[in-house]
Amino acid sequence: MRKLLPPAILFAAAVCAAQEGAGENVFLGVPEINFPVAPTVEGPQEGESQIPRAPNLKAAITPCFSIIGEDSEAIDAARYFALACEEIFNEAFLARLAFQQRIILQMAPEDKCPFDGDFSVSVSGANVTIAAKWHKDLPQDGFAKLVSGAMLRKLALAQGVEDAEVPFWMELAFSKILESRFAPNLIYYMARESSQREVSPLRNTLSLARGSADYAVAQADSFWAFRALSSLLKEDFSVFLKGALVGKSVDEQMGFADRITGGTWVPFDTVWVAAVRGEMLSRLGGAQAPEASRAEILRLGVIAAEGADGELVTLTGRQIWENRRSASAAAAIAARVTEAKIGVMFVNRIYLGSLLSLGVMYDCALEGDEDGFNSALAEFVERQRAALETEKRAKELLELPEEELAKLSPAQNTQ
């Protein structure tokens, strides 16, 4: 392990933690204990003569961290990060977390730093010690990874996971969530990039291994998986996280996630893609571009099902009605109903009518309402034709020279 700060500083932090926190470690299912957050403490205080002399030592305490260093700005920055990290974990695990043996977070002066690089981690028994070299260019993403990773390791150790090897996707997700608390625009740009890629299947994300994939892509997939699972599982999400933390297999985790579609025709993969896309689009704000909505409508207007010979066939229009009774077609139709309902929130308004008609058409197919199906199909065809024409006219207007646009201005025409 890399060498950390001098023993005198470690001892000072340990004494501060012991004096401030009188109680058992608090984790999942244990009654809430509200630990006060200590203000920044500069050097040994009155009545603390047992702490070794360190004139420049400063410290701060949160429910889960003992923060020590020589620079007030460094202590304050670390404290804000620690508090934000604790808030994120409390929300995710539905508990107020606090440790009697807190995580020691050392903010080492750059000119006195005893280790190479910007960060260092040490785990000894149930004790987790992390350190950062304090300087103006300290990478925020690295610091978020350091702090959130320490929390995950501490929680894993508290649950008896001896090697403190926590799922990689959880490390990536919590790190990005913490980082985004101090740079909210990160999520917008990540959503914009992620929306251009295929959604990663949940099993693939849960199975991520260190060094096995592009780090930025893996972190984005982990972040969206975290958000989508939170939305889908609701209060059960904390149970899911606890299971992953204590080492449940990916198969066991997938079995838990399958509760989302239990008893319905809708395939889990369909719900998953829709949920992740919804999380991305909600961060992008507004509706999709017309081109994206047009492509989505075309995709939703076709279903794939098994034919009589077992081969996969594509169905559109009346073919959907005629094959609605087959199990594979019924499942695909139910999936389209779900996707249409979710898509209403994000579809470009030019194509909203088309999407609504398509949803009604599929719903009538499930209900066995042939007249309703035929009416909705005809309405869909007409609305889609009108939407394509509207999109074409909008593009033509955007391509007009400025002088031509000025002639179309209402203000210009009223003069």
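Entry 1, charges over rings. I looked first at K154, which lies over the face of F99 at 5.6 Å from the ring centre. I note that this is a predicted model. I then turned to W321 and found the charged end of R324 over its ring, 3.6 Å from the centre.

Entry 2, aromatic pairs. I obtained a count of 12 aromatic pairs. One of them joins F93 and F174, whose rings are stacked, with 6.2 Å from centre to centre and 5° between the planes. Because F93 belongs to helix α2 (residues 72-93) and F174 to helix α4 (residues 168-182), this pair ties together parts 81 residues apart in sequence. I checked burial next: F93 counts as buried at 1% relative accessibility, and F174 counts as buried at 1%.

I then examined F226 and F237. Their ring centres are 5.0 Å apart and their planes stand at 90°, so I recorded the pair as edge-to-face. F226 lies in helix α7 and F237 in helix α8 (residues 237-245), so the pair ties together parts 11 residues apart in sequence. F226 is buried at 4% relative accessible area, and F237 is buried at 3%. I found that F89, F93, F174, F226 and F237 form one aromatic cluster.

Entry 3, helix α10. I asked what span the 17 residues of helix α10 (residues 268-284) should have. At 1.5 Å a residue the expected value is 24 Å, and the end C-alpha atoms are 25 Å apart, which agrees. I listed its buried residues, among them F268, W272, V276 and M280. The elements covering the buried residues of α10 include α5 (185-194), α7 (215-233) and α13 (327-343).

Note on methods:
Residues numbered from 1 in each chain as written. Predicted model: local features only at pLDDT ≥ 70, side-chain atom pairs only at ≥ 80, totals over all residues. Heavy atoms only, no water. Helix = DSSP H or I, 4+ residues; strand = E, 2+ residues; numbered from the N terminus. Expected span 1.5 Å × (residues − 1). Buried < 20%, exposed > 50% of the residue type's maximum accessible area, 1.4 Å probe, protein only. Contact = heavy atoms within 4.5 Å. Phe/Tyr/Trp six-rings, centres within 6.5 Å; stacked < 30°, edge-to-face > 60°. Lys NZ or Arg CZ within 6 Å of the ring centre and 35° of its normal.
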